[in-house]
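Welcome! Let us walk through this structure together, one part at a time.

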Amino acid sequence: MNGDFVVGGIFSIHTYMRTEQNTYTRIPLPPQCSGSMDFRELHFARAMEFAIKEINNSTDLLPGITLGYQIYDSCAAVPMAVKVAFQAVNGMERFFNDTSVCAKFDAAAVTALIGDANSTPTLNVARILGLVGIPQVSHFATCACLSDKRQYPSFLRTVPSDHHQAAALARMVKCFGWTWIGAVRSDSDYGNYGMASFLKAAQEEGICVEYSEAFYRTDSRSKIERVANVIRRSTARVIVAFMASGEMRILLEELVRNPPRPLQWIGSETWIMNTEFLRFNICAGAIGFGVPHSVIPGLREFLLDLSPAQALKSPLLTEFWESSFSCSLTGSPKGSRVCHGSEDIRALQNTYTDTSQLRITNMVYKATYAIAHAIHGVICNDTQCDKSIKFAPWQVLDRLKRVNFTTKNGYQVMFDSNGDPVAVYELINWQVQKDGALDFVTVGEYDSSKQKGQEFSINKAISFVGGQTEVPVSVCSDSCPPGTRKAVKKGRPVCCYDCIPCAEGEISNRTDSLNCMQCTPEFWPNAKRNSCLSKPVEFLSWDDNLSIVLTAFSVAGALTAVCVSAVFYRYRTSPIVRANNSELSFLLLFSLALCFLCSLTFIGQPSEWSCMLRHTAFGITFVLCISCVLGKTIVVLMAFRATLPGSNVMKWFGPPQQRLSVLAFTFIQVVICVVWLTISPPFPFKNLKHYKEKIILECGFGSAVGFWVVLGYIGFLAFFCFVLAFLARKLPDTFNEAKFITFSMLIFCAVWITFIPAYVSSPGKFTVAVEIFAILASSFGLTICIFAPKCFIIMFRSEQNTKKHLMGKVPSKSL
């Protein structure tokens, strides 16, 4: 159609290109389109024609101005696309137009160009048009590479870039929990760039790809079979296909011959909205993003308003009519029947007449109106348009970049700095209808203009592979439950891993944890190692069975000392009591009672006061006890020396000296304890190192030197007492107390020597129990060895508790 300004359109109306040579000169002839006609592309071409006629009939947009159009067929091939690009620039060799009104078009150039639908031919056209500044608006070329304004300065499009679609597809795959997928693509700029963007986005989402295959529709059958076999053998149940319709058709036809196990197909917008593929049941449940569905009032009537006479005016419409009705409008060259003129185009059901899914059609409609608004901005003012104004193509391009309007059917048209529109997609799902047929259902949307994280939404139930409502599982390895961590298998993608239980003391509290966390020192993992629990606190409590037993022995020991004291007091005038230094004996029994009772300070939860009391009380009472024993031992030795003729030694170690010695020995220990408590006293602390799974409450020494000085002083006195008693062991029977002291000191020293390794190696509360046991054992040893023989004589051998009997045992020479 001729007009004041001409808009060109490039569409892939045929699917193949034919090249021939002149049989005489052997010079290659210009390429020609061949193969079957794509009715869908013809539908787009006629939508452009409809939009131009609608604009020409408008009194608002370009009043008094007529737009013409020129449509070219690129047959989805680069050489043909380059050829028609030069035709559009130079105005040569019309290809398809209304021949009744185009006599002068051969000498004109187009003002702007719409198309192509395929990215690879569009790249080449955009390079050519960019050199001369002619604006190009594509309705379906989605390759992200076309957003590069340095290479394609005059290119714009009404369909979103694959950059957004790839991000949306990766987000959707992640949303359904699919981390193990397969990938196939067209071996073209569209497929390669689109899949590269998707794989980058998928990697950021933690998605792994088992395989990534590519082929082109002109590849050999063996290569296509190889790609199909890779799909059949794969373990991934989800396959992402970033493919043009031509390659997708070939792949599905190959897979149908030997169907693989059910696969969840994820499709790019090029084929996911193509009604032709609804016949492939292996794609039931397919999901993908498509440009929004739209309604264009009047378009269906325009498409169906076609008669045989009108079809004869255009070679392509003639081909369409003859192909649709299997007849010939121009005769019957090969025996085909002649069209009789009664064919009803409204009875056809194909992609040309289908207006139920006006998606890409709306992109053509928007592109046509965008060019019209740009021309309006160049030649029109507020009141009228001047078609005589001369302008350069770059002026239209500049206006085109700044258009911002709403089409008659309610869609906003504007471009960003890269010539791209705002990315808005509908989430398309192939669902099985009640009659068993597949159909498109919009179940969600993606809007890149929304805040990050809110772009993707689902508002309807989705049907997955095989028409199931349950989301299929496609993972290389099952999720690692809490309590384990992921360990990547060597040489495999990161989605293939083993689940390793967390190490001792570590947990993981979420699924698919990469690392295990260390519990804080006061916490310990539970049995499943998915949470940290407070460690049980252990100390020698009063209600512990061991504490009860030790308390019973402690109280029994103290009562024993009290009972012995009562017996000695009752028989204080008896010879055996008087002969064994009754004053030191009573003091010794008192200190033994304190020794028994001081063991009780070691039971219960340690506190600041109990820690200081238990060690100091233990140190002082035992020194008091040993001092009394030492005094008795010295008395025995002095008494023996006093029986020798001319000896006057007892006057140097009488009762006052005995009291003073006990006081002096004890005072030294008191001074040691005071210094210890002043400088670095014992304190309660939580022992987190001895046991990993529990806390031991115990008393720290504060100053280890102070503790060992206290213990060493006791050991020194005990050893000294043992030596003196050992020297007096062979004294006459009258002074046989030395033998009992020797034996008691031997027990005492043995107990405390074995105490040290037992104390160091005992775990937890048993450390305290060992210390109490040592106190009780040594105390019982002293009590039994020193006082048991005397009590036995007092209570059961009264005939021996006489002065005559005691004196009779002394040899005459000693007397």
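How many bridges join strand 8 to strand 9? Strand 8 (residues 180–186) is joined to strand 9 by 7 bridges, and the two strands run parallel. Strands here, like helices, are DSSP runs numbered from the N terminus (helices are H or I with at least four residues, strands are E with at least two), and two strands pair if DSSP finds at least two bridges between them. To put a finger on one spot, look for Ile 181, whose bridge partner in strand 9 is Val 209.

Before going further, please note that this is a predicted model, in which local features need pLDDT of at least 70 and side-chain atom pairs count only at pLDDT 80 or more, while totals for chains, interfaces and linings use all residues. Residues are numbered from 1 along each chain as its sequence is written, and side-chain values use heavy atoms, with hydrogens and water left out.

Now widen the view. Strands 8 and 9 belong to an open sheet of 8 strands with mixed pairing, in the order 9-8-10-11-12-15-16-17. Strand 9 (208–215) and strand 17 (456–458) stand at its edges with a single partner strand each, so one side of each has no neighbour in the sheet. From one strand to the next, the twist averages 25 degrees. Helix 6 (residues 221–233) lies across strand 8, strand 9 and strand 10 (238–242), running at about 165 degrees to strand 9. Such angles run from 0 to 180 degrees between N-to-C directions, with axes fitted as lines to C-alpha atoms, for helices over the stretch in contact; contact means heavy atoms within 4.5 Å.

Next, turn to a pair of helices. The axes of helix 4 (residues 162–175) and helix 5 (residues 189–204) come within 8 Å and cross at roughly 45 degrees. That makes helix 4 oblique to helix 5 (angles under 35 degrees count as roughly parallel, over 145 as roughly antiparallel, 65 to 115 as roughly perpendicular and the rest as oblique). Among the residues making the contact are Ala 166 and Leu 169 of helix 4, and Gly 194 and Phe 198 of helix 5.

A second open sheet has 5 strands in the order 4-1-5-6-7, with parallel pairing. Its edge strands, strand 4 (67–73) and strand 7 (155–157), each pair on one side only. Strand 1 (residues 5–11) pairs with strand 4 over 7 bridges, and Val 6 stands opposite Gly 68 there.

Finally, the structure holds 9 disulfides (pairs of cysteine sulfur atoms within 2.5 Å). One of them joins Cys 380 and Cys 385, with the sulfur atoms 1.7 Å apart.
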